Structures are given as structure tokens and as C-alpha cells.
There are 2 protein chains.
Amino acid sequence: MGALRLPSLPAILVRPTTTSRSPAIFRRNFPFLQQAAVGFSARSTAEVPTDNSTKTKTQDRVVTSRSQDFNAWYLDIIANAELADYGPVRGTMVIRPYGYAIWEAIQEYLNVKFKETGHSNMYFPQFIPYSFIEKEASHVEGFSPELALVTIGGGKELEEKLVVRPTSETIVNHMFTQWIHSHRDLPLMINQWANVTRWEMRTKPFVRTLEFLWQEGHTAHATPEEAEKEVLQMIDVYTKFAYEQAAIPVIAGRKSKVETFAGADRTYTIEAMMGDRKALQAGTSHNLGQNFSRAFGTQFTDENGLRQHVWQTSWAISTRFVGGIIMTHGDDAGLMLPPRVAPIQVVIVPIWKKEEEKSDVLSAAVNVCEVLKGAGVKVKLDDSEQRTPGWKFNFWEMKGVPIRIEIGPRDVSNRSVVISRRDIPGKQGKVFGVSMEPNILVSYVKDKLDEMQVALLSMATSFRDSDTEELKVKEETGATIRCYPFEQPEGTKTCLMTGNPAGEVAIFAKSY
Amino acid sequence: MGALRLPSLPAILVRPTTTSRSPAIFRRNFPFLQQAAVGFSARSTAEVPTDNSTKTKTQDRVVTSRSQDFNAWYLDIIANAELADYGPVRGTMVIRPYGYAIWEAIQEYLNVKFKETGHSNMYFPQFIPYSFIEKEASHVEGFSPELALVTIGGGKELEEKLVVRPTSETIVNHMFTQWIHSHRDLPLMINQWANVTRWEMRTKPFVRTLEFLWQEGHTAHATPEEAEKEVLQMIDVYTKFAYEQAAIPVIAGRKSKVETFAGADRTYTIEAMMGDRKALQAGTSHNLGQNFSRAFGTQFTDENGLRQHVWQTSWAISTRFVGGIIMTHGDDAGLMLPPRVAPIQVVIVPIWKKEEEKSDVLSAAVNVCEVLKGAGVKVKLDDSEQRTPGWKFNFWEMKGVPIRIEIGPRDVSNRSVVISRRDIPGKQGKVFGVSMEPNILVSYVKDKLDEMQVALLSMATSFRDSDTEELKVKEETGATIRCYPFEQPEGTKTCLMTGNPAGEVAIFAKSY
């Protein structure tokens, strides 16, 4: 599967910052990391000096300005928002609860869509005999440089090395040969949620790690038309997910030959433009033709009694998508999460000065929290007394929570709350006097969440469109063809390099 | 984690049948399997000769009688009900959609309970530096004989071998040292759903495989009392799951020293009695004391400013539980699934003889299917025309579907259906003339599902209690202490071997 597979991309394009220009916590040259240092993680007790005016200070947290240094900002956000941490083995990542909850939101949505489109979940072993990988010529060429191999099991040297799965087409075909006999066994449409391992040299949290989590769909069909229809259906599921849930205006299209998955006839992709104007391959759907079925002898008896090789597809989305969400919507203040994938949609900050105000404010806050929870809103009450309200505002903004509700003594007596939207900074995003009356409050909050979901997609779309033209002409600077978009502009097309007539428009961009 | 960890059990107790006394499909000496043969899997087109009167013949399927040969029956069910298949690497298993859906039912229930009890999901890398495993003395002793080691990555020999996680206490502690600073960071309560690898020599589908799926909870606390409370809380969650969802009357209790998890102070377990009167360890919860926190230096500053080692727990349930469900409830006709974990709760079989009856029968069947689906019942309409109704009855019985609905031409004209319960064989379980009227039908079906859920637990409980006394005295035949039950009988206790007074009653059994 090719969600993280970019065989032709020069490594220089994905090189992270190697010089650390600021003391921010998570900034480190991840690829060359051998052992995570104690104290590397951010937690509420960590103290970090601030000596840089381009940073947003969340009291004891420091986030580099996004416009100043996008890569440093990205790593700071991942540390400070507690999304992930480095594992002890070079290039591995620990996905922390807040980051994992975003992945769970992705899973929940897609899992339903996969089942609705006729796929069943199952699980294949992760150890694949080395000989399997060698069976499909372009597959072994694409994957062999980055395999992790188990050579010792139960204290003994193994007779055949085992590959820790980098993708499962080979073992899937091995099993399909046992399950597929007749045309009545087709189509066979399955999916698995699993971990995969690729020995990447240049790594970056979420975007490219040694081990990552994904889903991989695998299907077998009786005709090439059915396979092509499936491949397009699944890239469409991914596209809808990107637009409607992640608020990312991806461009769906076909990959160039060089960027096609190792073993596929055709690869479709959704490409997303990140905040630094680089492209992120966010999901792929491969028409495998009969490449694997011929290599493994995956055949069926058709309606005329003839033996035929099946036509196959595979498609994947991975934890890389979490990186895409961070890099699409974040700003200088930190993360900004689309409500539909946000682990916490609403945070409630109670505010009091005098001790006699506390109990009324807290009980109103608890009440509002229960009302929203009962209405299915993902809500958190931050009633800790160790931090000031101002610290909490900055902290939850940095964590990207879509809506903040403030409740103070005056609000309690007015039976109202103050509501702020994460995507509209300062006073413009702040509305006073929203009634606490459950029906009014719930519908107000839900409307605001919907509005913000739409606003994030719209902002990202404007950003993408304002920059796409520029990117086309930047080819000579190292940008690669991201895809040939399904939606082509009308009129005559001309080749940028030669001036000759061209059949299709391609999207070029630097890539992660 | 010890869900599949039985360090002290002699291998002979879990030896599968080595001589194949029947031609049934899945019967093979799994441990010594090197490569799965083509045609090994059962699918609707497979043809198998029948030459044994002790088998139930589902037309082209053959299931060994459960009473005749329990192990052969178990393997036949797994093949014929399409629960799992052998992977290409010795001892690995492919979990097929029907088997995986049972695991999904387990996950759905437990995932909610874990969150309700304050745990967050996250994900740790599966590659663990070899040196980590060596840090806790009894841990390395318990696990080192069965490790899978990655020695080559990206084409190069690695400087330090990497362990493919057999359990995650070591890497969890490595990360905890970075996240835990003060008593305000405690308790830290997390869980992960993951695959784990143990190089087992004696394997058996679901019960013990080289790679398996599980959840592993890990928590850190400021006091030993809190840790003990957590350990007991989680064994209680498992116990409730077993009784209320899986209809398995497990016995919860404490493990003997020899059976305690490698690295724990105390292990609690739920032990289930299988249909062959052997015990299955179905879930474990470990009080790790300070063993790992001392080995890894996982410390916090307490309220008095003193540095203390944290008190830890870990607890796990695995895909082994699917094996437990099969072996608790199955009978000679095949699988029998408790409604709450059944992937299909109701199967509808339309019956017609004359072509002119077909359309009315099918449209009534589709209608009943939609009504039940709309009411949240997991329902399947088997309208395939390649099989007779009789074949379908046997097939879905073998698959363990709790309720079958038959609809024929007479039923259509009477506006009623025929309903059969999987747990009550023959005519006793069959009710004619149940109204098709949606409200009546839905409430009838839901009542029957509830009744069957209760009946399966009750049957399994009677079976367990009728045999427990016998097992106690069988100690000398090789049975081991499964646990010291929380619920102890009243009155004086005497040691079986010495006749001396005893403090506690222990449960002995042969074990998987």
C-alpha cells in the first residue's frame, strides 16, 4: 500500500531542520535520534526558558511561530499539545492519548464507510516469509531497501528470514489463493487496521515513522472494470472524509508512473497542501491489475469454466493523516482542530476571584458540562486550581479545542456564558451572554461547531487556491508531480517546458 | 502482560492431537506446520468425503463430534465456520471476518468500559531495545525464551537487536519516566489495542499463537493501595464482561506464585472451564508493585517533596477469548454464539418451491430483514439460490447464529414467520406463527435473544459446577492451581494432600 510510499522523492525534500535555532522542547533532529532523552517530553511541570520574541508563550510552554519556522512549529505543537513523543528506537513514535484520539475519530468514520461499501474487517499476521516479497518484481524493488527482518525466534536462528509487514499484498494473495475458487467467491472485499514497518531513514512524527498505524483494504474482482470502479470508489471515500471531517480540500487524481505504488498498474491519490505550501500524500488507492494474482497464482473459475487471474485493488490511509490535520489548520497560537475530529470540542473554564464565588461558579460549570455531554458534545471541564484562567485559555487554544466556554460570577447571576471560537482570534470570536438554558445553549454550541467546521474548510481552500498557480511554475525548484487531477480545467493545454500542446494538467509540488 | 502467559505449565498439557483420525478439513498438527497447503481452508465449494459416523455432515462440510474428539471438533469449527485460517509462518493465524467480528464485539464493549473507568487509549512502538527486557530480572527470565528479534533494518545489521513486543511493561516504563514528575501527574492510566508476539512452540488457533491481538492496560499510582484497587477493578470489568456478554461463568481469583506474571507481585485471573473440562486463563490483571518502576527509575515527587517510585498495574485480554467462547458454548452441530457477541444474531431463510411463490416470499423476507435491521438487530438474509433451505439450516447452525427465521408461502399468507433458537434443538426450539407485524416481531426476537443469552450462561454454569468438585481431587493427574477464588466456601478447610488445616480453597484444573 502506498499511503506513506514515495519511492521517487529525493530525500532532500523531506529533510527536517538540522540546526536547532531555538530552545523549544520538541525540536530535534528526529532522524538521527538514537535514544530519547529524559525530560524531552512536555508536561505541565516542565520549565522552559523563553528567549525568543517569535514564540507564543503558554506560561511554561513555548511554541515557535508558524510563519517563522514551520517545521519547528510543527514539532513544538506535537510536544506541547501532547500528541506524540519519540520512542526509544530511532524513528519510532509513541502516540499519546490526545493524538491517538484524533486517529480514533478517523477510524470511527472510515470503519463505518468501509462496511457500508461492502468490506469486512479481518487480520493477517505481520510476519511474511521473505520469499513472498520477492515474487512480484517491482514490489521487491520498491520495498526491499526498507525492510525490518526477524532472523531469530525463540532463541534460534530462523531458516527463512521473516519480513515485518511493510504492506500486505503478498500475504493477502497467499491467503486469497486458498479462499477464491469460483466466480461465486468474488468480489472478495476486506480491510484490516494494523501496524506496518518501513525502515525509513528520514523520519518526522506522524508524517513518516519507522512503524505507523493504518488501514489497508484489499479486494479481488472478476473483471478489470469492477476493480477500477472499486479503486475510484475508495479514493472517493477518502476525498469525502478529507473534505467533510478533516476540513482538508485535497486534490484527488492519478499518480504519474514514477510515483505509482510498487506493484500497481495505476495509483490514485489525494494530495493535501500544508501550511508551508508543500504537498502531503494523504491517502492512496491502487489498481493492482493482475500483477499480484499472476505472481501468486490467485485464480478463479469463471462462468464458462475457464481459469482466470483475479483483478485486485488495495488502498490505505494512515496516522500520517493526523500530521496533515495539524499542518493544514494550525496557526501561531498552536493546533486548530476541525470539530468533527477534535477529541475535545468544547472546554469549560470556570472563573472566580473570591472564595465565596467559587461554589456557585463551579456548580454552574458542572451543570453546563453535563448538559453538553448529554447532547453528545465532547466536552471537558478544566476546574484545576493550580492554573489561572489566562493560562488555561492559552493552553486549550494551543491544544486546538474548537470552542471555549467561560463562566464567571456575573455569568452565573445572568444565567449566561461567554463563548469563544478557536478560529476567530480575540474579541471578534467572543460572544457574551449566551443563555445557559439547556436547549438554547446546546443548539448554539452545535451551530458554532458546524460553522467552524465549514470555516476551516473554506480557509484551507482559499489558501490552497491562492497558491496552486504559483506551485506549477516552481517545477524547476524541485517540485514533483503530485497528481493529474480528476477535475481538469477547460480549454487548450500547453506543456510548461516545451510549449507543445498537452493533454492533461498536472499538479506539481514539493512533498513531505 | 500475562493473558497468554503460563510459564509453569508443562507443554504436555497443551499438546494437540498429533494423529489425524478423520479426514476433516482443519485437523492438522498446527505446531509443526511449515506452509499452509492450498485447499486447506473450507469454503462453500470445497468437497470433503464423509466416512465417519461420528460427524455432523453439513452437506459438503464435516464437523467431528464434540463428545468424540474435542480438539478435532474445535479445529473443524474454526475451519468450517470460517473463523480463522493458518498463516504461512508456523504458528501464525489469519483471523477471518466472522472470527474478527467476534473480537470486534469484545473490543466495543471493553473499550467503553476502559474509558468509563478513566483510561485513555494510546499507542507504543512495537520494537523494544533488547536491553530494556533485561532490566527487570524475573521479566527477562520469563520472556527471553520466546522472543522474536529484529536484527536487520534497511539492509543493515542493527547495533542493538530489537525485540518485537511480547508485552509492553518495559517500553511503557521508559516513557512513564518522561511523563511522570509530580504526584499531580498520577494516576496515569492508559490502554493500548495492539498485536504482540511470543515464539510459542505449542500453538493452537486463538488459544496460543505466535502473534495475537490484545489490549494491554498500564497504570501508575502514588500508593500501593490505589494500585491494588485498580487491579481488582479491572479483573472485575473482565469478570462482568465474561458473565454478561460472553456468557462464560469464569472464576475470578488470585494466581499461585508459580503462575504469577513474570515481573508482578500478584496476578489476578479469570479462569473459564471449557467443554472438555480444562481451564482456560481468559484474562489477567497484575499488581506490578514497584518492580518495574525500580528497574526503570519511574519516580514522582510526593506531596512532601520526596522522590518515590510509582506503584504499577497491567492487565490484558486477548483474541484467546474468542477461543474461550467457542469452547464454552459449542455443541456437536457446531458453534453456538451468545447473542451479545454474535456477528449475526438472526438469519432469515426464505423457502419456496414453485417459481410463482418466489417473489412474494422474497419480498416478505426482505421486509422482515429491514424491520429487524432498523431495530438494531444484526440480521442476515440468506437468499442465495445455490443451496437448499436444509443446507442453509445446517450451515447457519454450524456458524452458531442464535436465531433462525424461516419464511415460506404459507407464512406469507398468514403474515407470520417460523422462529428457531440455536440452543434448543429440534422441534422444541421452533415456534410457528409469530406475527410479521413489526412491533410484535421485533419485541419477540429481542426477547428470544435475551432469553438465549441467559440460557447459555446458565448451561455453562451448571456444567462448570457439576465438574468442579471432581477436578479438585484430580490434582495428581497433572491439574494445576488455576486460582484461589475470591469467593471462598465457609467452614474449616483441609489440605487434600496432608490432611492439615488449610487457609484457602484453590481451584485445580488441567489448562490450555
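Analyst: A residue is buried when its relative accessible area is under 20% (exposed is over 50%, partly exposed in between; 1.4 Å probe, protein chains only). This is a predicted model, where local features need pLDDT of at least 70, side-chain atom pairs count only at pLDDT 80 or more, and totals for chains, interfaces and linings use all residues. Residues are numbered from 1 along each chain as its sequence is written, chains are lettered from A and ligands numbered from 1 in the order written, and side-chain values use heavy atoms, with hydrogens and water left out.

User: Why is helix α1 of chain A called mostly covered?

Analyst: α1(A) spans residues 70–80, and 11 of its 11 residues are buried. Among them are F70(A), W73(A), Y74(A) and D76(A). As for the name, helices are DSSP runs of H or I, at least four residues, and strands are runs of E, at least two, numbered from the N terminus. After α1(A) comes E82(A), with a positive phi near 55 degrees.

User: What makes K115(B) and E104(A) a salt bridge?

Analyst: The rule wants a side-chain nitrogen of Lys or Arg within 4 Å of a carboxyl oxygen of Asp or Glu. Their side chains meet at 3.3 Å, N to O, so the pair fits that rule. Across the interface of chain B and chain A, the rule finds 2 salt bridges. On chain B, the side touching chain A has 34 nonpolar, 23 polar and 11 charged residues.

User: How do you know that the β7 strands of chains A and B pair?

Analyst: Pairing takes at least two bridges found by DSSP. Here β7(A) and β7(B), each residues 148–153, run antiparallel over 5 bridges, so they count as paired. I152(A) stands opposite L149(B).

Methods
Ala, Val, Leu, Ile, Met, Phe, Trp, Tyr, Cys and Pro count as nonpolar, Asp, Glu, Lys and Arg as charged, and the others, Gly among them, as polar.
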